[in-house]
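Reader: Hey, could you pick one part of this model and give me a close look at it and its surroundings? I do computational chemistry, so please spell out your cut-offs as you go.

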Amino acid sequence: MSGYDVVTVSHQNADTITRFLKPWRGDASAAQLWVVDNASNDATVSCLQSLLTSRQYQLNHDNRGYARAANQAAAMGQQAYIAFVNPDCFAGPEVIEPMVQYLKHHDDVGMTGCRVLNSDGSLQPASCRRLPTFWRVFHHLTGLYHLGLPGINKPPKSALQSGPVEAVNGALFVIRRELFTQLNGFDEAYPLHFEDLDLMARCLQAGYQIHYLAEPQAIHLQGQSTQNKSIIQQWKRQGLKRYFKKHRPRWEQWWVNRLLN
(Lines give C-alpha, C1' and ligand atoms only; values in the text may rest on other atoms or scores of the structure.)
Protein backbone atom coordinates (compact mmCIF):
# COMPACT_ATOMS: atom_id res chain seq x y z
CA MET A 1 0.00 0.00 0.00
CA SER A 2 1.31 3.43 -0.97
CA GLY A 3 1.79 5.82 1.91
CA TYR A 4 -0.47 8.84 2.22
CA ASP A 5 -1.05 11.79 4.50
CA VAL A 6 -4.41 12.47 6.16
CA VAL A 7 -4.83 16.19 6.72
CA THR A 8 -7.51 18.08 8.63
CA VAL A 9 -8.13 21.58 9.93
CA SER A 10 -10.05 21.89 13.19
CA HIS A 11 -11.87 24.83 14.73
CA GLN A 12 -14.34 24.38 17.56
CA ASN A 13 -14.82 20.67 16.73
CA ALA A 14 -14.91 19.22 20.25
CA ASP A 15 -18.09 17.27 19.47
CA THR A 16 -16.55 15.37 16.54
CA ILE A 17 -12.76 15.39 16.80
CA THR A 18 -12.42 12.26 18.97
CA ARG A 19 -14.53 10.21 16.58
CA PHE A 20 -12.64 11.64 13.62
CA LEU A 21 -9.25 10.70 15.08
CA LYS A 22 -10.16 7.17 16.15
CA PRO A 23 -9.35 5.31 12.87
CA TRP A 24 -5.95 6.98 12.56
CA ARG A 25 -4.44 6.60 16.02
CA GLY A 26 -2.87 3.17 15.54
CA ASP A 27 -0.43 1.73 13.02
CA ALA A 28 -2.99 -0.29 11.08
CA SER A 29 -2.80 1.85 7.93
CA ALA A 30 -0.14 3.41 5.71
CA ALA A 31 -1.35 6.88 6.69
CA GLN A 32 0.35 9.73 8.48
CA LEU A 33 -2.09 12.04 10.31
CA TRP A 34 -1.60 15.80 10.52
CA VAL A 35 -3.92 18.31 12.22
CA VAL A 36 -3.81 22.10 12.33
CA ASP A 37 -6.15 23.81 14.78
CA ASN A 38 -7.35 27.33 14.04
CA ALA A 39 -7.50 28.86 17.52
CA SER A 40 -10.24 26.68 19.05
CA ASN A 41 -11.29 27.78 22.54
CA ASP A 42 -13.43 24.73 23.33
CA ALA A 43 -12.20 21.22 24.19
CA THR A 44 -10.79 20.56 20.70
CA VAL A 45 -7.22 21.39 21.68
CA SER A 46 -7.24 19.25 24.83
CA CYS A 47 -8.52 16.33 22.73
CA LEU A 48 -5.67 16.74 20.26
CA GLN A 49 -3.12 16.97 23.04
CA SER A 50 -4.40 13.84 24.78
CA LEU A 51 -4.87 11.66 21.69
CA LEU A 52 -1.99 12.62 19.39
CA THR A 53 1.76 13.02 19.62
CA SER A 54 3.06 16.59 19.64
CA ARG A 55 4.50 16.23 16.13
CA GLN A 56 1.09 15.37 14.67
CA TYR A 57 -0.61 18.69 15.34
CA GLN A 58 0.06 22.40 15.26
CA LEU A 59 -1.92 25.05 17.14
CA ASN A 60 -2.53 28.41 15.52
CA HIS A 61 -3.13 31.31 17.85
CA ASP A 62 -5.52 32.93 15.37
CA ASN A 63 -8.11 31.62 12.92
CA ARG A 64 -6.20 31.70 9.65
CA GLY A 65 -9.05 30.36 7.53
CA TYR A 66 -9.31 26.90 6.03
CA ALA A 67 -7.13 27.31 2.95
CA ARG A 68 -4.11 28.69 4.76
CA ALA A 69 -4.32 26.14 7.59
CA ALA A 70 -4.85 23.26 5.15
CA ASN A 71 -1.70 24.25 3.26
CA GLN A 72 0.09 24.42 6.60
CA ALA A 73 -1.09 20.91 7.53
CA ALA A 74 -0.23 19.47 4.12
CA ALA A 75 3.32 20.81 4.48
CA MET A 76 3.74 18.74 7.66
CA GLY A 77 3.69 15.53 5.59
CA GLN A 78 5.66 14.22 2.65
CA GLN A 79 3.74 11.21 1.33
CA ALA A 80 2.90 10.96 -2.38
CA TYR A 81 -0.84 11.36 -1.76
CA ILE A 82 -2.79 13.72 0.48
CA ALA A 83 -6.28 13.00 1.82
CA PHE A 84 -8.03 16.20 2.90
CA VAL A 85 -10.77 15.28 5.37
CA ASN A 86 -13.03 17.58 7.39
CA PRO A 87 -13.05 16.91 11.15
CA ASP A 88 -16.80 16.22 10.98
CA CYS A 89 -16.33 13.67 8.18
CA PHE A 90 -15.75 10.10 9.34
CA ALA A 91 -13.76 7.74 7.14
CA GLY A 92 -11.05 5.24 7.99
CA PRO A 93 -8.43 3.48 5.88
CA GLU A 94 -11.10 1.27 4.31
CA VAL A 95 -12.49 4.39 2.62
CA ILE A 96 -9.35 6.33 1.75
CA GLU A 97 -6.96 3.57 0.73
CA PRO A 98 -9.07 2.53 -2.32
CA MET A 99 -9.03 6.18 -3.40
CA VAL A 100 -5.23 6.27 -3.08
CA GLN A 101 -4.87 3.00 -4.97
CA TYR A 102 -7.05 4.35 -7.76
CA LEU A 103 -4.72 7.31 -8.22
CA LYS A 104 -1.74 4.99 -8.13
CA HIS A 105 -3.11 3.02 -11.09
CA HIS A 106 -4.55 5.92 -13.13
CA ASP A 107 -1.83 8.37 -14.09
CA ASP A 108 -4.24 10.75 -15.83
CA VAL A 109 -6.35 11.24 -12.68
CA GLY A 110 -5.15 13.90 -10.26
CA MET A 111 -7.88 13.73 -7.64
CA THR A 112 -10.49 11.29 -6.36
CA GLY A 113 -13.66 11.72 -4.31
CA CYS A 114 -16.16 9.29 -2.88
CA ARG A 115 -19.80 8.86 -1.90
CA VAL A 116 -20.53 11.12 1.08
CA LEU A 117 -23.55 10.33 3.24
CA ASN A 118 -25.55 12.04 5.95
CA SER A 119 -25.68 10.42 9.39
CA ASP A 120 -28.97 8.69 8.41
CA GLY A 121 -27.32 7.07 5.38
CA SER A 122 -28.91 9.35 2.79
CA LEU A 123 -26.75 10.76 0.01
CA GLN A 124 -25.29 14.23 0.27
CA PRO A 125 -25.98 15.81 -3.13
CA ALA A 126 -22.52 17.40 -3.25
CA SER A 127 -20.88 13.98 -3.71
CA CYS A 128 -20.94 14.55 -7.50
CA ARG A 129 -20.68 18.18 -8.50
CA ARG A 130 -20.31 20.57 -11.37
CA LEU A 131 -18.04 23.60 -11.32
CA PRO A 132 -19.88 26.89 -10.88
CA THR A 133 -21.14 28.87 -13.87
CA PHE A 134 -23.59 31.74 -13.68
CA TRP A 135 -26.58 29.67 -14.78
CA ARG A 136 -25.71 26.76 -12.49
CA VAL A 137 -25.47 29.13 -9.52
CA PHE A 138 -28.70 30.86 -10.56
CA HIS A 139 -30.54 27.53 -10.83
CA HIS A 140 -29.15 26.48 -7.45
CA LEU A 141 -30.00 29.69 -5.59
CA THR A 142 -33.50 29.94 -7.06
CA GLY A 143 -34.30 26.24 -6.64
CA LEU A 144 -34.86 25.77 -10.38
CA TYR A 145 -32.59 22.74 -10.25
CA HIS A 146 -35.56 20.93 -8.68
CA LEU A 147 -37.22 21.23 -12.10
CA GLY A 148 -34.31 19.44 -13.77
CA LEU A 149 -32.25 22.47 -14.77
CA PRO A 150 -28.52 21.89 -14.11
CA GLY A 151 -27.27 23.23 -10.78
CA ILE A 152 -24.00 22.83 -8.91
CA ASN A 153 -24.84 19.29 -7.77
CA LYS A 154 -25.44 16.51 -10.26
CA PRO A 155 -28.62 14.38 -9.98
CA PRO A 156 -28.52 11.75 -7.18
CA LYS A 157 -28.45 8.92 -9.73
CA SER A 158 -25.00 10.15 -10.78
CA ALA A 159 -23.65 8.91 -7.44
CA LEU A 160 -24.44 5.30 -8.37
CA GLN A 161 -21.65 5.07 -10.93
CA SER A 162 -17.92 5.80 -10.74
CA GLY A 163 -16.33 8.00 -13.35
CA PRO A 164 -14.98 11.41 -14.31
CA VAL A 165 -16.66 14.51 -12.84
CA GLU A 166 -15.92 18.22 -12.69
CA ALA A 167 -15.82 18.27 -8.89
CA VAL A 168 -16.31 16.11 -5.80
CA ASN A 169 -17.28 16.74 -2.19
CA GLY A 170 -14.69 18.94 -0.51
CA ALA A 171 -15.28 17.23 2.84
CA LEU A 172 -13.10 14.32 1.68
CA PHE A 173 -10.90 13.99 -1.36
CA VAL A 174 -7.46 12.64 -2.23
CA ILE A 175 -4.96 14.47 -4.44
CA ARG A 176 -1.47 13.70 -5.68
CA ARG A 177 1.05 15.67 -3.63
CA GLU A 178 3.06 16.42 -6.78
CA LEU A 179 -0.04 18.02 -8.32
CA PHE A 180 -0.95 19.88 -5.11
CA THR A 181 2.56 21.34 -5.07
CA GLN A 182 2.39 22.18 -8.78
CA LEU A 183 -0.84 24.11 -8.14
CA ASN A 184 0.68 25.91 -5.11
CA GLY A 185 -1.95 24.32 -2.88
CA PHE A 186 -5.15 26.04 -1.88
CA ASP A 187 -5.60 29.69 -2.78
CA GLU A 188 -5.29 31.34 0.63
CA ALA A 189 -7.41 34.33 -0.41
CA TYR A 190 -10.45 32.10 0.21
CA PRO A 191 -11.23 32.22 3.96
CA LEU A 192 -13.71 29.31 3.85
CA HIS A 193 -15.85 27.78 1.05
CA PHE A 194 -15.07 27.54 -2.68
CA GLU A 195 -11.34 27.01 -2.07
CA ASP A 196 -12.01 23.33 -2.86
CA LEU A 197 -13.80 24.08 -6.14
CA ASP A 198 -11.04 26.50 -7.07
CA LEU A 199 -8.47 23.74 -6.51
CA MET A 200 -10.53 21.31 -8.59
CA ALA A 201 -10.88 23.81 -11.43
CA ARG A 202 -7.12 24.28 -11.46
CA CYS A 203 -6.61 20.51 -11.37
CA LEU A 204 -8.63 20.17 -14.58
CA GLN A 205 -6.85 23.15 -16.15
CA ALA A 206 -3.54 21.40 -15.45
CA GLY A 207 -4.67 18.51 -17.65
CA TYR A 208 -5.67 16.00 -14.96
CA GLN A 209 -9.03 14.33 -14.51
CA ILE A 210 -11.10 14.15 -11.32
CA HIS A 211 -12.84 10.83 -10.69
CA TYR A 212 -15.70 10.03 -8.37
CA LEU A 213 -15.67 6.55 -6.82
CA ALA A 214 -19.09 5.17 -5.93
CA GLU A 215 -17.99 2.33 -3.64
CA PRO A 216 -16.10 4.04 -0.77
CA GLN A 217 -18.51 5.76 1.62
CA ALA A 218 -17.93 8.38 4.30
CA ILE A 219 -20.29 10.00 6.83
CA HIS A 220 -20.30 13.80 6.93
CA LEU A 221 -22.27 15.59 9.65
CA GLN A 222 -21.94 19.09 8.11
CA GLY A 223 -21.83 22.34 10.01
CA GLN A 224 -20.50 20.91 13.29
CA SER A 225 -18.00 23.70 13.92
CA THR A 226 -19.52 26.30 16.23
CA GLN A 227 -18.81 29.39 14.16
CA ASN A 228 -20.88 32.53 13.66
CA LYS A 229 -23.33 31.71 10.87
CA SER A 230 -23.44 35.28 9.56
CA ILE A 231 -19.67 35.26 9.14
CA ILE A 232 -19.88 31.93 7.30
CA GLN A 233 -22.47 33.35 4.89
CA GLN A 234 -20.22 36.35 4.32
CA TRP A 235 -17.28 34.03 3.56
CA LYS A 236 -19.43 32.03 1.11
CA ARG A 237 -20.33 35.17 -0.82
CA GLN A 238 -16.72 36.31 -0.78
CA GLY A 239 -15.52 32.89 -1.98
CA LEU A 240 -18.05 32.65 -4.80
CA LYS A 241 -17.16 36.13 -6.04
CA ARG A 242 -13.46 35.25 -6.03
CA TYR A 243 -14.11 31.99 -7.89
CA PHE A 244 -15.94 33.85 -10.64
CA LYS A 245 -13.25 36.52 -10.82
CA LYS A 246 -10.61 33.83 -11.38
CA HIS A 247 -12.41 31.35 -13.58
CA ARG A 248 -15.44 32.81 -15.35
CA PRO A 249 -16.12 35.44 -18.06
CA ARG A 250 -16.52 39.04 -17.00
CA TRP A 251 -20.26 39.14 -17.76
CA GLU A 252 -20.80 36.22 -15.37
CA GLN A 253 -18.78 38.02 -12.68
CA TRP A 254 -21.00 41.09 -13.11
CA TRP A 255 -24.23 39.15 -12.70
CA VAL A 256 -23.01 37.05 -9.77
CA ASN A 257 -21.88 40.17 -7.91
CA ARG A 258 -25.37 41.61 -8.26
CA LEU A 259 -27.05 38.33 -7.43
CA LEU A 260 -25.16 38.15 -4.15
CA ASN A 261 -25.48 41.80 -3.11
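Author: The chain's secondary structure comes to 9 helices and 11 strands. Those are DSSP runs, numbered from the N terminus: helices are H or I with at least four residues, strands are E with at least two. The model is a predicted one, so local features need pLDDT of at least 70 and side-chain atom pairs count only at pLDDT 80 or more, while totals for chains, interfaces and linings use all residues. Residues are numbered from 1 along each chain as its sequence is written, and side-chain values use heavy atoms, with hydrogens and water left out.

A bit of context before the zoom. The C-alpha trace spans about 50 × 40 × 40 Å along its principal axes. The radius of gyration is 18 Å, which agrees with the value near 18 Å for a compact globule of 261 residues; it is taken over C-alpha atoms, and the globule rule is 2.2 Å times the number of residues to the power 0.38. Buried residues make up 54% of the 261, where buried means under 20% relative accessible area, exposed over 50% and partly exposed in between (1.4 Å probe, protein chains only). Of the contacts with a separation of 6 or more, 77% are between residues 24 or more positions apart; a contact is heavy atoms within 4.5 Å.

Now for the part I'd pick: helix 7, residues 195-205. It is mostly covered, with 9 of its 11 residues buried. Among them are Glu 195, Asp 196, Asp 198 and Arg 202, alongside Leu 197, Leu 199 and Met 200. Just after helix 7 comes Gly 207, with a positive phi near 95 degrees.

Arg 202 is the residue to click on. It sits in helix 7 and counts as buried because its relative accessibility is 13%. Leaving out residues up to four places away in sequence, Arg 202 touches Leu 183, Gly 185, Phe 186, Asp 187, Lys 246 and His 247. Its side chain also meets that of Asp 198 in a salt bridge, 2.8 Å from N to O. By salt bridge I mean a side-chain nitrogen of Lys or Arg within 4 Å of a carboxyl oxygen of Asp or Glu. Asp 198 and Arg 202 are 4 residues apart in helix 7, so about one helical turn separates them. That fits the usual helix geometry: an α-helix has 3.6 residues a turn, so residues three or four places apart point the same way. Asp 198 itself is buried, at a relative accessible area of 0%.

There's another pair to compare, Arg 248 and Glu 252, whose side chains form a salt bridge at 2.9 Å, N to O. Here Arg 248 is partly exposed at 26%, whereas Glu 252 is buried at 6%. Back at helix 7, salt bridges that share partners join Asp 187, Asp 198, Arg 202, Arg 242 and Lys 246 into one network. The whole structure holds 9 salt bridges. One of them pairs Arg 177 with Asp 5 at 2.7 Å, N to O. Arg 177 lies in helix 6 and Asp 5 in strand 1, so this pair ties together parts that are 172 residues apart in sequence. Both ends are covered: Arg 177 is buried at 15%, and Asp 5 is buried at 1%.

Helix 7 is also part of the cover for a neighbour, helix 3. What covers the buried residues of helix 3 includes strand 1, strand 2, strand 3 (57-60), strand 4 (81-85), helix 6 (177-182) and helix 7. With 8 of its 9 residues buried, helix 3 (residues 66-74) is largely enclosed by the rest of the structure. Take Ala 70, which is found in helix 3 and is buried at 0% relative accessibility. Beyond residues up to four places away in sequence, Ala 70 touches Val 7, Val 9, Phe 84 and Phe 186. Phe 186 is also on the list of residues that Arg 202 touches.

If you want to check backbone angles while you're in there, Gln 12 is a non-glycine residue with a positive phi, near 60 degrees. Gln 12 lies in the loop between strand 1 (4-10) and helix 1 (17-21), and it is buried at 10%.
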